[in-house]
Amino acid sequence: MNNCPCGLGEPYDDCCGKYHRGAEPPSAELLMRARYCAYVVGDRKFLLRTWHEKTRPRALTLEADQNWQGLAILDRVGGGLFDTEGIVEFRARYVAEGRPGTMHDRSRFVKVDGHWRYVDEVD
């Protein structure tokens, strides 16, 4: 894989790949991008590891026929190096069963023991 699917234009290994291998993203936005990328590459382990323990599902099934096409970060509130909470609004494009679609979400993140974790979707 050349450029990382998260959209930052860096090589995957130097971008989200390092988070998938165990490094911790320093911001809520970078965790959001790494989680999107994990859906692209099918990394269930990373998705579950970075999900807050209070909202984490017991199991996670990824749609085999869902082909992620791109990510756009629309807004962010907090979620920086010195914050403990953050919200990242994004739009992700995909193709499933030959039909294009979009996922629009505002995701809430919190810092747990210095590590960003995905909590849930907010209105």
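**Exercise 1. The cysteines**

How far is the sulfur of Cys-6 from the closest cysteine sulfur, and which residue holds that closest sulfur? Decide whether a bond or no bond joins the pair.

*Solution.*
- Note first that the model is predicted.
- Start at Cys-6. The closest cysteine sulfur belongs to Cys-15, at 3.6 Å.
- Recall the cut-off: a disulfide needs two cysteine sulfur atoms within 2.5 Å.
- Compare. The sulfur of Cys-6 is too far from that of Cys-15 for a bond.
- Repeat from the other end. For Cys-15 the closest cysteine sulfur is in Cys-6, again 3.6 Å away and too far for a bond.
- Widen the search. The whole structure holds zero disulfides.
- Add the surroundings. Cys-6 has 0% relative accessibility and counts as buried. Cys-15 is buried too, with a relative accessible area of 7%.

**Exercise 2. The overall layout**

Find how many helices and strands the protein chain has, and give their pattern along the sequence.

*Solution.*
- Count the elements. There are three helices and four strands.
- Read along the sequence. The pattern is α-α-α-β-β-β-β.
- Check the packing. The radius of gyration is 14 Å, close to the 14 Å from the globule rule for 123 residues, so the chain is as compact as a globular protein of that length.
- Take the extent. The C-alpha trace spans about 40 × 30 × 30 Å along its principal axes.
- Look at burial. Of the 123 residues, 41% count as buried.
- Finish with the surface. The accessible surface comes to about 7,200 Å², and 46% of it belongs to carbon and sulfur atoms.

**Exercise 3. Strand E3 and its partners**

Work out which strands pair with E3, and in which direction they run.

*Solution.*
- Take E2, residues 85–96. Twelve bridges join E2 to E3, and the two run antiparallel.
- Inspect the turn. The E2–E3 hairpin has two residues between the strands, and Glu-97 takes a positive phi near 55 degrees.
- Take E4, residues 115–121. Six bridges join E3 to E4, also antiparallel.
- Inspect that turn. E3 and E4 form a hairpin with two residues between them, where Asp-113 has a positive phi of about 50 degrees.
- Name one bridge pair here: Val-112 is partnered by His-115 in E4.

**Exercise 4. Ser-107 in its strand**

Decide whether Ser-107 is buried or exposed, and list what it touches.

*Solution.*
- Place the residue. Ser-107 sits in strand E3, residues 99–112.
- Apply the cut-off: buried means under 20% relative accessible area. Ser-107 has 2%, so it is buried.
- Look across the strand pair. Val-88 stands opposite Ser-107.
- List the contacts beyond four places in sequence. Ser-107 touches Met-32, Gly-86, Ile-87, Val-88, Phe-90, Tyr-118 and Asp-120.
- Add the polar contact. The side chains of Ser-107 and Asp-105 meet at 2.9 Å.

**Exercise 5. A loop residue and a strand end**

Locate His-52 and Ala-96, then find their contacts.

*Solution.*
- Find His-52. It lies in the loop between helix H3 (44–49) and strand E1 (66–78).
- Test its burial. His-52 has a relative accessible area of 14%, so it is buried.
- List its contacts beyond four places in sequence. His-52 touches Val-110, Val-112, Arg-117, Tyr-118 and Val-119.
- Turn to Ala-96, in strand E2. Beyond four places in sequence, Ala-96 is in contact with Asp-65 and Gln-66.
- Compare chain and space. Ala-96 and Gln-66 are 30 residues apart along the chain, yet their C-alpha atoms are separated by 4.5 Å.

How values were computed. Residues numbered from 1 in each chain as written. Predicted model: local features only at pLDDT ≥ 70, side-chain atom pairs only at ≥ 80, totals over all residues. Heavy atoms only, no water. Buried < 20%, exposed > 50% of the residue type's maximum accessible area, 1.4 Å probe, protein only. Polar contact = N/O pair within 3.5 Å; in protein donor to acceptor, adjacent residues only side chain to side chain. Contact = heavy atoms within 4.5 Å. Pairing = 2+ DSSP bridges. Rg over C-alpha atoms; globule rule 2.2 N^0.38 Å. Areas by Shrake-Rupley, 256 points an atom, 1.4 Å probe, with all protein chains shown as cover.
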